[in-house]
There are 2 protein chains.
Amino acid sequence: MPPASDDSSAPDVGELTPPTRTLMGPGPSDVHPRVLRAMSTPLVGHLDPSFIEIMNDVQELLRYAFQTDNQWTIPVSGTGSASMEAAIGNVVEPGDTMLVPTNGYFGGRMASMARRAGGEVVEVDAPWGEPLDPATVSDALAEHDPDVFGFVHAETSTGVRQPNVPELTAAAHDHDALVITDTVTSLGGVELRVDEWDIDVAYSGPQKCLSCPPGASPLTLSDEAMEKVLSREEPSRSWYLDLSLLEGYWGDERAYHHTAPITNVYSIREALRLVAEEGIENRWARHRRLAGALKAGAEGMGLEMNPDDEYWLPSLNAVRVPEGIDDGEVCDELLERYDLEIAGGLGDLAGEIFRIGCMGYSASPENVTLLIAALADVLDDFGADVDPDGGVAACREALR
Amino acid sequence: MPPASDDSSAPDVGELTPPTRTLMGPGPSDVHPRVLRAMSTPLVGHLDPSFIEIMNDVQELLRYAFQTDNQWTIPVSGTGSASMEAAIGNVVEPGDTMLVPTNGYFGGRMASMARRAGGEVVEVDAPWGEPLDPATVSDALAEHDPDVFGFVHAETSTGVRQPNVPELTAAAHDHDALVITDTVTSLGGVELRVDEWDIDVAYSGPQKCLSCPPGASPLTLSDEAMEKVLSREEPSRSWYLDLSLLEGYWGDERAYHHTAPITNVYSIREALRLVAEEGIENRWARHRRLAGALKAGAEGMGLEMNPDDEYWLPSLNAVRVPEGIDDGEVCDELLERYDLEIAGGLGDLAGEIFRIGCMGYSASPENVTLLIAALADVLDDFGADVDPDGGVAACREALR
């Protein structure tokens with residue numbers, strides 16, 4: 001025991017006692033107990049021989065989750081935006097042009113990162129809540145001849161899944177553009193085939209369909225993309241996220257660059273083991289099935305999904321807010337009454353949609369059942385024109 | 001239970017079973033069981049009202065550890081190099097000049113980050129293994145008139161503690177330069193008084209004297225430094241580390257910027273609670289006392305400390321490698337025989353020193369005793385001219 005402090009200026013802060021939530025928002029999702037347990041494992045050093053084996057395991061498991069053979073597949077030392085900036089900040093060189101979409105919040109973030117990397121930004125348009133149209137993308141590629149084309153596979157801000165990915169990548173490659181894909185809300189939950197779909201660079205976050213606490217974030221680059229990174233004329237503008245330096249640590253040399261977030265590497269290893277145990281296709285099917293029940297429940301109580309069925313995103317369900325209802329009040333009440341987290345809309349869809357996650361360990365019959373029953377209860381209480389019993393029944397039926 | 005995978009391409013990776021090490025290298029240090037337990041706490045969302053209270057607690061506790069009243073005191077979402085780049089990349093604007101030291105590895109990293117931020121770099125010289133001389137710093141400030149002066153308070157690569165900090169900051173302020181201080185290996189272990197010493201910006205890592213897993217890293221900025229950041233002509237080159245955007249999340253607004261590494265925030269809160277319970281001055285005294293016993297033990301077996309006593313760094317002990325001994329082989333043997341981690345030298349001191357940490361929870365009588373006994377055993381076995389019994393006796397004596 002350390003001696004008790006005799007320092008009256010020391011803050012008196014109590015034990016950590018956060019409430020127990022059910023996480024059905026846009027992320028983080030509920031974390032599997034095995035992953036939480038991995039996080040309490042005592043540390044080894046980041047250059048320990050045993051840690052190098054753990055790094056190898058994580059790389060192998062990440063390749064499986066991304067469905068890629070890319071050697072360059074690593075967890076970046078930060079949350080999802082760090083792997084996003086590692087992708088854009090390394091691939092986009094000063095003077096490069098990057099084509100980004102306007103159909104959601106994260107296309108805007110891509111633009112901001114590309115500009116900070118010294119790139120020029122051009123846009124391909126689609127409204128918030130709709131996917132990109134391959135023909136429009138082709139036109140934009142022909143018009144702007146970009147070096148890099150970025151798009152979002154699973155838009156967390158709109159609940160839209162981008163279909164026709166192979167068409168988009170083929171169009172980009174016809175114009176010699178490298179493709180960077182945001183897979184933050186799809187990796188490990190929604191069909192994603194990096195190699196088969198010819199995606200050059202994909203980044204993700206761990207706290208969505210992998211159900212892992214944020215802190216180490218998946219990134220994969222093809223040899224061709226990595227060649228561009230390694231032959232840059234000037235170094236990337238971030239030292240921390242410089243992939244040419246990280247190559248020394250994650251590549252064959254295993255030389256010190258920065259201290260890896262050891263515990264976060266432990267946890268993503270365990271989260272990815274759960275993916276491998278379940279099987280990636282089984283996992284995609286589970287998300288479709290459970291989110292399908294959620295969607296059936298929402299529709300069964302009379303709510304409307306914002307996206308068309310064709311580009312519905314199982315991991316993030318954008319449900320339209322009923323007439324006369326304040327989305328923020330509903331979210332607050334669900335948290336208050338049921339310890340249940342969902343979120344409202346962002347940007348162009350602020351106030352118009354609820355964003356309800358169905359990701360990873362949160363994609364379970366019990367969570368989906370609770371969500372539908374609780375949402376029906378609160379909306380009904382707030383005077384919305386919904387059929388609570390119809391919602392619960394439709395959800396139960398879909399789960400059978 | 002998820003269905004068992006029928007996917008033969010799924011990697012078959014076993015349970016996480018890292019060896020149990022005693023960490024007495026340059027970091028990470030051993031993590032306190034209470035901090036490990038905090039890491040297995042189920043997550044709340046990063047915008048949950050309860051998380052905002054947790055953020056407030058962390059900020060208050062960090063201010064105490066830094067001994068500052070700076071409002072702008074936060075954990076950066078990444079490991080120590082991320083908080084370092086957040087400091088340099090935001091404060092240094094394109095065209096600014098930054099004065100950096102040459103007396104260790106981390107001054108070189110400062111230079112690289114300042115250049116990537118668009119700054120010019122000038123240097124103030126001192127050999128590896130020695131501190132900066134205030135008179136030389138004053139001359140360099142007069143010669144180069146820099147906008148920013150960076151120095152390392154506790155050089156992890158050389159085991160040197162920079163004395164005379166108030167003299168350095170006063171000299172910099174006489175030339176209207178802002179001072180950025182690397183406190184990675186001092187925060188929470190070695191006397192550090194950000195406000196009293198007039199340091200404008202200090203960054204640190206959690207995995208040294210705070211004994212917290214890496215992943216969320218302390219940073220503090222004075223109002224004056226933050227004013228420079230908020231009045232930049234162009235945005236910082238990193239979106240992820242842009243403090244003007246992070247202000248929205250950590251400031252009064254609590255608006256979404258990126259997903260915070262929730263679990264790492266839990267853990268640093270618990271690690272900082274332990275600092276407050278012990279009292280910061282008691283903690284500094286404990287590090288001096290325990291590292292003093294380690295130093296007595298090393299000297300007692302006939303080894304020599306690399307730095308003079310005047311600038312000895314208790315948290316990182318640079319011990320000279322005896323004649324005819326290979327430092328790497330000793331480190332490997334300690335790991336093999338005792339599960340005990342220490343490290344060799346870097347850069348100009350490669351092969352010349354052992355780097356032995358005595359940090360946070362690792363700064364205990366049992367760890368120090370083990371370290372001295374094990375090091376004496378292995379060096380003696382390797383034929384070094386050491387007195388094992390003299391080392392163990394001197395350490396025991398110092399611990400009484």
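Here are legends for a few close-up views of this predicted two-chain model. Because the model is predicted, local features need pLDDT of at least 70, side-chain atom pairs count only at pLDDT 80 or more, and totals for chains, interfaces and linings use all residues. Residues are numbered from 1 along each chain as its sequence is written, chains are lettered from A and ligands numbered from 1 in the order in which they are written, and side-chain values use heavy atoms, with hydrogens and water left out.

**View 1. How chain B sits on chain A**. Turn chain B by 180°, with 0.0 Å of shift along the axis, and it superposes on chain A with an RMSD of 0.0 Å. The two copies are thus related as by a two-fold rotation axis. The fit is by least squares on C-alpha atoms of residues with pLDDT of at least 70 in both copies. Looking for the axis? In chain B, the residue that comes closest to it is B:G78, with its C-alpha at 2.4 Å.

**View 2. A negative surface patch on chain A**. The patch is formed by A:D69, A:D145, A:D147, A:D174, A:D176, A:D195, A:E196, A:D198, A:D223, A:E224 and A:E227. Patch residues have over 30% relative accessible area and no salt bridge, and like charges are joined within 9 Å. A salt bridge here is a Lys or Arg side-chain nitrogen within 4 Å of an Asp or Glu carboxyl oxygen. Helix 7 (residues 223-230) gives the most to the patch, with 3 residues; helices are DSSP runs (H or I) of at least four residues, and strands (E) of at least two. A:D223 belongs to helix 7 and counts as exposed, at 55% relative accessibility.

**View 3. Positive phi at A:D198 and A:S211**. A:D198, also a patch member, has phi near 65°, a positive value in a residue other than glycine. A:D198 sits in the loop between strand 8 (178-182) and strand 9 (201-203) and is partly exposed at 45%. A:S211 has phi near 50°, again positive in a non-glycine residue. Its loop runs between strand 9 and strand 10 (217-221), and at 4% relative accessibility A:S211 counts as buried. Buried means under 20%, exposed over 50% and partly exposed in between, with a 1.4 Å probe and protein chains only.

**View 4. Cis peptide bonds before A:P28 and B:P28**. In chain A, a cis bond joins A:G27 and A:P28, with omega about 5°. A:P28 is in the loop between strand 1 (22-23) and helix 1 (33-39). Over in chain B, the bond from B:G27 to B:P28 is cis too, with omega near 0°. B:P28 lies in the loop between strand 1 (22-23) and helix 1 (33-39) of chain B.

Methods:
Patch = residues over 30% accessible without salt bridge, like charges linked within 9 Å, V, L, I, M, F, W, Y side chains within 5 Å. Areas by Shrake-Rupley, 256 points an atom, 1.4 Å probe, with all protein chains shown as cover. Lys, Arg positive; Asp, Glu negative; His and termini not counted. Charge placed at Lys NZ, Arg CZ, Asp CG, Glu CD.
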